[in-house]
Amino acid sequence: MIKLLVRRWVSRLALLLSDWADQAREQRLKRAMHKCGPAVQLYWPVIVAGPEALDIGEGTSIAPFVHVWAGGRVIIGSHCMIGAHAAITSLTHDYLQPEMHRTMVAKPVVIEDEVWIGSHAVILPGVTIGRGAVVGAGSVVTHDVPPYGIVVGIPARVKATRPTAPEGRLSCNSGPPRVDTPLPSP
Ligand SMILES: CC(C)(COP(=O)(O)OP(=O)(O)OC[C@H]1O[C@@H](n2cnc3c(N)ncnc32)[C@H](O)[C@@H]1OP(=O)(O)O)[C@@H](O)C(=O)NCCC(=O)NCCS
């Protein structure tokens, strides 16, 4: 009985310590960034190379295992959602050079406000993703995405456009969030 209690207590303590370590890493990463808005959520582990060249706007959430190569400048707007395992890179190599491992080509990536990037998407250097756009899961974005565009595939192509209200706001953002399917009770 006592053994069981001790085991439970130790595993709870281990969980608390690992949460605390994750929070400490998150705070360190946020402090290292060029700009980090309020209420940004980073679900650990998030890997950022060159955080001093990364901006993230208010209320944006970044899921676990997202990898950002920010050295060539990455600007992520407000209220964006970046799905797990997405990769965003502003850096590449010059394969025309004989020693390409010595080269580094930097092209900024801009992800405007309210963009949703699906899991496992790859955003390549020099791309701008317009406000309110959706990038489908697993897509590889090689060119700019227009505002409110929905792009899917490799290379990512526009498959549809999201509806917007006349004043330019997203129509789905007017009013409280809608739940189409009842959530299972816990
Ligand atoms: C892009 C997305 C939002 C589109 O949703 P949807 O409008 O319901 O799409 P549908 O299922 O109706 O598919 C429409 C067409 O697009 C294709 N398609 C949809 N998502 C695709 C994707 N990620 N890659 C390639 N093709 C895709 C479908 O095959 C279908 O093609 P068809 O018309 O030739 O049959 C969704 O598929 C997606 O990728 N969501 C991301 C989910 C995710 O990553 N969640 C975790 C992080 S929050």
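The following exchange examines a predicted model of one protein with a ligand.

Me: How many strands are there in the protein, and how many helices?
Reply: The model is predicted. Its secondary structure comprises one helix and 19 strands. Buried residues account for 24% of the 186 residues. The count asked for is therefore 19 strands and one helix.

Me: What average pLDDT does the protein have, and over which residues is the pLDDT below 50?
Reply: A pLDDT of at least 70 is reached by 88% of the residues, and the average is 91. One stretch falls below 50, and beyond near neighbours in sequence it has 10 contacts in the model. Where pLDDT is low, the predicted coordinates should not be read in detail. The average is 91, and the stretch below 50 is residues 170–179.

Me: What distance should the 31 residues of helix 1 span, and how far apart are its end C-alpha atoms?
Reply: Helix 1 covers residues 2–32, and the expectation rests on 1.5 Å a residue. The calculation takes one less than the number of residues. The expected span and the distance in the model agree, both being 45 Å.

Me: Of the 31 residues of helix 1, what number is buried?
Reply: A residue needs 20 or more other C-beta atoms within 10 Å to count as buried. No residue of helix 1 is buried, so the helix lies largely in the open. The number buried is zero.

Me: Which strands stand at the edges of the open sheet of five strands?
Reply: This sheet has parallel pairing and the order 1-4-7-12-15. Each edge strand has a single partner strand, so one side of it is left without a neighbour in the sheet. The edge strands are strand 1 (35–36) and strand 15 (128–129).

Me: In strand 12, which residue is the bridge partner of Ile75?
Reply: Strand 7 spans residues 74–76 and strand 12 spans residues 109–111. Three bridges join these two strands in the parallel sense. The bridge partner of Ile75 in strand 12 is Val110.

Me: Which strands stand at the edges of the open sheet of seven strands?
Reply: The order of this sheet is 2-5-8-13-16-18-19, and its pairing is mixed. A strand at either edge has a single partner strand, so one of its sides is left without a neighbour in the sheet. The edges are strand 2 (41–42) and strand 19.

Me: Which residue in strand 5 stands opposite Leu42?
Reply: Strand 2 pairs with strand 5 (residues 61–62) in the parallel sense. Two bridges make up this pairing. The residue opposite Leu42 is Ile62.

Me: In which sense does strand 18 pair with strand 16, and in which with strand 19?
Reply: Strand 16 (residues 134–135) joins strand 18 over two bridges, and Val135 stands opposite Val151. Four bridges join strand 18 to strand 19 (residues 157–161), where Val151 stands opposite Val158 and Ile150 has Ala160 as its bridge partner. The pairing is parallel with strand 16 and antiparallel with strand 19.

Me: Which residue takes a positive phi in the hairpin of strand 18 and strand 19?
Reply: The hairpin has four residues between the strands. One residue there has a phi near 95 degrees. That residue is Gly153.

Me: Which side chains along strand 18 point to the buried face?
Reply: The side chains of strand 18 (residues 149–152) alternate between two faces. Ile150 and Val152 point to one face and are not buried. The residues on the other face, which are buried, are Gly149 and Val151.

Me: Is Gly149 buried or exposed?
Reply: Gly149 lies in strand 18 and touches Gly130, Ala133, Val158 and Thr161, not counting residues up to four places away in sequence. It has 20 other C-beta atoms within 10 Å, and the cut-off for a buried residue is 20 or more. Gly149 is therefore buried.

Me: How does Thr92 count, given its C-beta neighbours inside 10 Å?
Reply: Thr92 is found in strand 10 (residues 91–92) and touches Val105 and Pro125, not counting residues up to four places away in sequence. Its C-beta neighbours inside 10 Å number 17, a value between the cut-offs of 12 and 20. Thr92 therefore counts as partly exposed.

Me: Of the 13 residues around the ligand, which come nearest?
Reply: The shell around the ligand divides into five nonpolar, seven polar and one charged residue. Five of the 13 residues are named as the nearest. They are Gly83, Gly118, Ser119, Gly136 and Ala137.

How values were computed. Residues are numbered from 1 along each chain as its sequence is written. This is a predicted model: local features need pLDDT of at least 70, side-chain atom pairs count only at pLDDT 80 or more; totals for chains, interfaces and linings use all residues. A residue is near a molecule or strand if its C-beta atom, placed from the backbone, lies within 6 Å of it. Ala, Val, Leu, Ile, Met, Phe, Trp, Tyr, Cys and Pro count as nonpolar, Asp, Glu, Lys and Arg as charged, and the others, Gly among them, as polar. Two strands pair if DSSP finds at least two bridges between them. pLDDT is the predictor's confidence in each residue, from 0 to 100. Two residues are in contact if their C-beta atoms, placed from the backbone, lie within 7 Å.
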